[in-house]
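Q: Please take a close look at one part of this model, beginning with a single position and its contacts. Then set that part against the rest of the chain.

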Amino acid sequence: MTVSRSVAGQARAGVSFRAATLPGHPAAWLLAILIIAFSLWFSCYSIRLHDAHLTHKADLGQMDIAIWNTAHGRFLQEIKGDSISTRLTDHVEPIFALIAPVFWIWDDVRALLILQAVCLALGAWPIYLLARRRLGAAGIGAAAPWSALAFGAAYLLVPALEAPLVSDFHALPLAVPLIGWAFWTIERRQWTRFVLAALLLASVQEGMALLTAMLGLYATARTLLARPGADSRPAAPGEPDTQARHWPGALSGAAVCLLGLAWFYVATFVIIPHFAAQAYGLQESPYAARFGELGSSFAGVLKTILTRPGLVLRTVAEPLRLRCLFGLLAPTAFLALLAPEVLFISLPLLLANLLSSFPLQYSGELHYSAPLVPYFVIAGAIGLARLLGWLRLSKAGLSDRHPNLPGAFQAVKLVTTVSVALMLAGALAYHAWAGYTPLGQEYWRRVAGGWPAVTTHDRLLARFIAQIPPAAALSTTPDLWPHLSHRVAIYQFPIVSGAQWVLVDVSGDTNRHPADVRTDLQGLMAGGWGVADAADGYVLLRKQAGAAVLPDAFYDFARVTGIYPQHALDITFGGKLRLLGYDVLDDVKWRRTGFRFYWQALAPLADGTEIALQVLAPDGSVVDDTAQRPMPALIWYPPARWRPGEIVVTEKAGWYLPAVWAPLLAVSADGAPLTPSIAPLDDPRTQANGNGGAAPGGDIANAVMTGDGKVRLPAWMRRDGVLVRWQAPEMLSAAGAQFSATTWAVRLDGYRVAQTAAPGASLPLILRWQAPGAAPASLDYTVFLHLRDAEGQTVANGDATPTWFTPRPTSTWGSQAAGSVILDAHTVSLPAGLAPGRYSLVAGLYDWQSGQRVPIRGPDGNVTGDEFVLGYVTIDAAASPHPDLACLMAREACVSQ
C-alpha cells in the first residue's frame, strides 16, 4: 500500500511538473515583464544620476576609459596621475574585452549603465529555471512555476543587487548572471556550458576566480556523491541514468576548480603585483591591506582565519556586518540556511566582505555584495525544495498509518504557500527598508526628492563638451570626468600634463578647496592658457588660445531670478546688504548638511566687505566655519562686485554637524561689523514664502541678534535621521535650587543629561535657569559641573560661561522679563580611563576671579550649600553606540549618530 501511494504520487508530480514547465507558462512571462521593468527602471535611474552630475571619476569614469580604450585596441589602458597606465594595477578584468564592443554600437558612457542594469536583471532567469525544476521535483505540481516566480521576484528586490546600479559602474555585477547560469548548467549537467560559464565568471575579476573554483568543487562533489534516486528529480529527456553521468561532471568540475585556483594565483600574485609595483611601488594587490587587524596580506588574513577564530567571530559579529548578512538571508525568509552547501561555496567572497576593514565592503551597498545575491536566493530555492522533500516523505508515511490525516500533497502545498508568502513578505519588507526603487527608503535618502533633478546648469555642460575635439587631451574635475572620458588622455584637474584643454565647473564637485581651484585656474591663465568659453560657473581653457579674462556670464552661477528660499528672512546689514533667506541642504544618508543663502545688495558694497558663516553647537563650540570650508561664490564673485538689486546665492558645501546646531552669520566691511537689523514681524515683506503661501514672520521670529553684531539663525536638530527645527527636550526636575548672591538670585529649574555614558565620551548637558527679572548680576558668574566618584573625588569637570550657542553671561540675565527661561548648554569630557560605575553630577555658580561660589538658599532664606546634585551618571563601556555606516566612513559623522 505504501509503495503504490508513493509511486502514484511521484507519477502525478512528474506529469504536473512537465505540464507546468512549458515555455509559454504565465509565470515565465510575468518574470520576463519583471526583468524588463527592472532593466528599464535602473537604466533610466542610473542615466538620470549621470545627467544630474551625480556620477564620478571613481568609478564610472575610470572604468569607462579602460573599456573604451579596449574597444579601440588599447587593452585596459587608463590614466593614473599624469601618465598612461592600466587597470591591471588594481584588478584583472578580461571580461572588459568582451563588453567593449558595446561602444561600437553606442559610443556613450551611458551604454555601460544600461549594460549593468540588464546583466543584473537577467540573473533572475536562471534562478527561476532552477527553482522551478527543484520545486517541481519536490512534488508541488502546477504550483512550481509560481513559486519559482516568487524566488525570481525576491532576487530582483534584494537591495544588495540594486546598490551597484546607483553607484556608477563596476565589474563585479557582471558576474551575477554568470553565477546563476553556472548553477543551472550544473543542475542540467550541461558540462560544456558549465565550463564556459565558469571561465567567463573567472574573467570578471581575480576574486571571482575563487568563486569559479568553488563552483567547480560543488559540481564535482554533486556528481560524485549522487546516488540513484538521490537526485530528487527525474532525468531529462535523452539523459542517461545518474551513475552513467558521474564522470563528465566530476572531470569538468575538477578542471574548473584547478583552473580557477591557478588563475586566481596568476592574477593576484603575478599580474597585479607586476603592474602595481610600477604604479604604486607595491609588491602585491593594493586591496590586500583592507583587513585591518586580521592581516596586511592575503596570506596573513588566511593565517588569522585558521589560527584566531575568536577574532574572526568577533569581527563578523559587529552590528553592521551582521546586518549585511541579514540583508542577504531575509529576502528568502532564511530558507537559504537549509542549503548550507550552496552558501559554503560563496565563502571566498562572503568572508572577503564580512572581514574587510573598509566599511562599504560589508555595508551591503555599492557593488561588493551583488555576486552573493544569486547564491543566497538559489540556496533559498534549494532549501525550500529540501524542506518539502523531508515533509513529503514524513507525511506520506503518516498518511499510510493514519488514513484520516491530510495527505503528503496537501501538507506540502500548505508549507509551500506559507514559505513563499513569508519569503515575499521578507523581501518586500527589507526592500522597503533599504531598496533603491520608489518603494524603498534608500531611494529617498540618496537624493532629496528621490528622482534626481537635471538643472539648466547640468544641461549647459553639453555646450562645452561640443567645443572640445574628441581626440584632444583634457584635464577636468571628478564630477565631469565620466562625461568626457572617451579619449586616450584625460587628467584630473589640476594635473594638466599633456592636456590642450581644461574644463572646470567651479560650482560643482572639484574635490579641492575652492580657493585652490581659483589659484590653479588663475595660474593657468597667467601662464598662457586662454578662456575659450565660460558661463554659469563653467570655465573652458585652451592652451595658447582664447581670452585672458573671464566673461561676466561666468558669474551667473552666483545669480538667481525667480527662485525663493525655503526659509524666508529679511535681515539688513548696515543698511547695504539684505539677507532674503536660506535653504538647508541635507544629505540624510551621510548626515552632511550645507546651506544656500540668498542675498541682495541695496547699495554698492566696499571692497573689504566679507560674509562669514559659523555653525555652532549648543555649548558654543564651532563645528563648521567658512574660514575652513568657504563658499565658492564668495571667492569668485565677492560682495564688492555685486550689483545693487541683483539676487546672489552663496552656497556652502555640506559638512558633518552634531545632533543640534545653529548657523551664525556675520557681515563686515574692512574688519568692522555691519550692524544687522531684523524687519518687524508685521512687515509685509516677511509674509510670503517661496511657495506663495502665508508664512507670517518667516524665520525672523527665531533669528537672534548677538551682542557682537552677528545674527544667530534658528536652531536645528536631527531626529530619526531627519533634520527638524529644534524643540526643547523634556527636562529633569532640579527641585528648584535657588542660587542667591548679595543682590541677585537665579533658580536652577531643570536639567537634561544622559543617564549612561562611555569612558572617553563627551557628556552633553542642558541646564534650565529661571531669571528673576530683577537687577542684573553685578558679575559674570561661571557655571561649574563636576563628576564625582563614590569617594567624592572629582574625576571630570566642565566649567564654562553660560552658553546657548553664543555666550549668555549672567550680567544680562536680569534684563530678561520676570520668570523667563534661559537655556544653558555645557559639555563634560570624560577621561578615557574612567572606571565603570555610578558617579554623581553636581552643578553650581562661582566668580572666576575670586573663586567664591554663589550660595544656595532654602525656602527660609538660610544657606543650604553652594552646589546642587543634579543626579547620577553610570559609566559603562557598552553605553557607546555602535558606529553606523556614516560614522565608520567619517568619524566627524559620529557626533550626530
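A: A residue counts as buried when its relative accessible area is under 20%, as exposed when that area is over 50%, and as partly exposed in between. The model is a predicted one, and the position to begin with is Pro 359, which lies in the loop between helix H18 (347-354) and helix H19 (372-401). Its relative accessible area is 8%, so Pro 359 is buried.

What does Pro 359 touch, once its neighbours within four places in sequence are left aside? The partners are Leu 885, Leu 888 and Met 889. In another direction, the C-alpha atom of Pro 359 is 30 Å from that of Trp 68, a residue 291 positions away along the chain.

The numbering of those partners leads to the cysteines. Cys 887 is bonded to Cys 894 in a disulfide, with 1.8 Å between the two sulfur atoms. A disulfide is a covalent bond between the sulfur atoms of two cysteines. The angle about the S-S bond is 85°, and the link of Cys 887 and Cys 894 is right-handed. The two ends fall into separate classes of accessibility: Cys 887 has 3% relative accessibility and is therefore buried, while Cys 894, at 22%, is partly exposed.

The cut-off for a disulfide is a sulfur pair within 2.5 Å, and by this rule the model has one disulfide. Why does Cys 44 have no bond to its closest cysteine sulfur? That sulfur belongs to Cys 119 and lies 17 Å from the sulfur of Cys 44, so the separation is too great for a bond. Cys 44 is partly exposed, because its relative accessibility is 44%. Cys 119 takes part in no disulfide either, its nearest cysteine sulfur being that of Cys 44 at 17 Å. With 15% relative accessibility, Cys 119 is buried.

Another buried loop position has partners in the 870s and 880. Ala 758 sits in the loop between strand S24 (756-757) and strand S25 (762-770), and at a relative accessible area of 6% it is buried. Apart from neighbours within four places in sequence, Ala 758 contacts Leu 830, Asp 876, Ala 877, Ala 879 and Ser 880. Its C-alpha atom is separated by 23 Å from that of Ser 357, and the two residues are 401 positions apart along the chain.

A strand position can be set beside these loops. Thr 782 belongs to strand S26 (residues 782-788) and is buried, with a relative accessible area of 9%. With neighbours within four places in sequence left aside, Thr 782 is in contact with Asp 799, Ala 800 and Thr 801, and also with Gly 844, Leu 845, Tyr 846 and Trp 848.

Elsewhere, two helix pairs can be described. Helix H7 (residues 124-140) packs against helix H10 (residues 175-188) at an angle of about 30°, the axes being 8 Å apart. The two are therefore roughly parallel. Their crossing is left-handed. H7 contributes Pro 126, Leu 129, Leu 130, Arg 133 and Arg 134 to the contact, and H10 contributes Pro 177, Gly 180, Trp 181, Phe 183, Trp 184, Glu 187 and Arg 188. By class, seven of these residues are nonpolar, one is polar and four are charged.

Helix H14 (residues 298-307) and helix H15 (residues 309-316) cross at roughly 100°, and their axes come within 5 Å. That angle lies in the range from 65 to 115 degrees, so H14 and H15 are roughly perpendicular to each other. The contact involves Thr 304, Ile 305, Leu 306 and Thr 307 from H14, with Pro 309, Leu 311 and Val 312 from H15. Here five residues are nonpolar, two are polar and none is charged.

For the chain as a whole, there are 26 helices and 34 strands. Of its 897 residues, 53% count as buried. The C-alpha trace spans about 105 × 80 × 55 Å along its principal axes. Among contacts with a separation of 6 or more, 67% join residues that are 24 or more positions apart.

Key. Residues numbered from 1 in each chain as written. Predicted model: local features only at pLDDT ≥ 70, side-chain atom pairs only at ≥ 80, totals over all residues. Heavy atoms only, no water. Buried < 20%, exposed > 50% of the residue type's maximum accessible area, 1.4 Å probe, protein only. Axes fitted to C-alpha atoms, helices over the stretch in contact; angles between N-to-C directions. Helix = DSSP H or I, 4+ residues; strand = E, 2+ residues; numbered from the N terminus. Parallel < 35°, antiparallel > 145°, perpendicular 65-115°, else oblique. Left-handed = near helix turned anticlockwise from the far one by under 90°. Contact = heavy atoms within 4.5 Å. Nonpolar A, V, L, I, M, F, W, Y, C, P; charged D, E, K, R; others polar.
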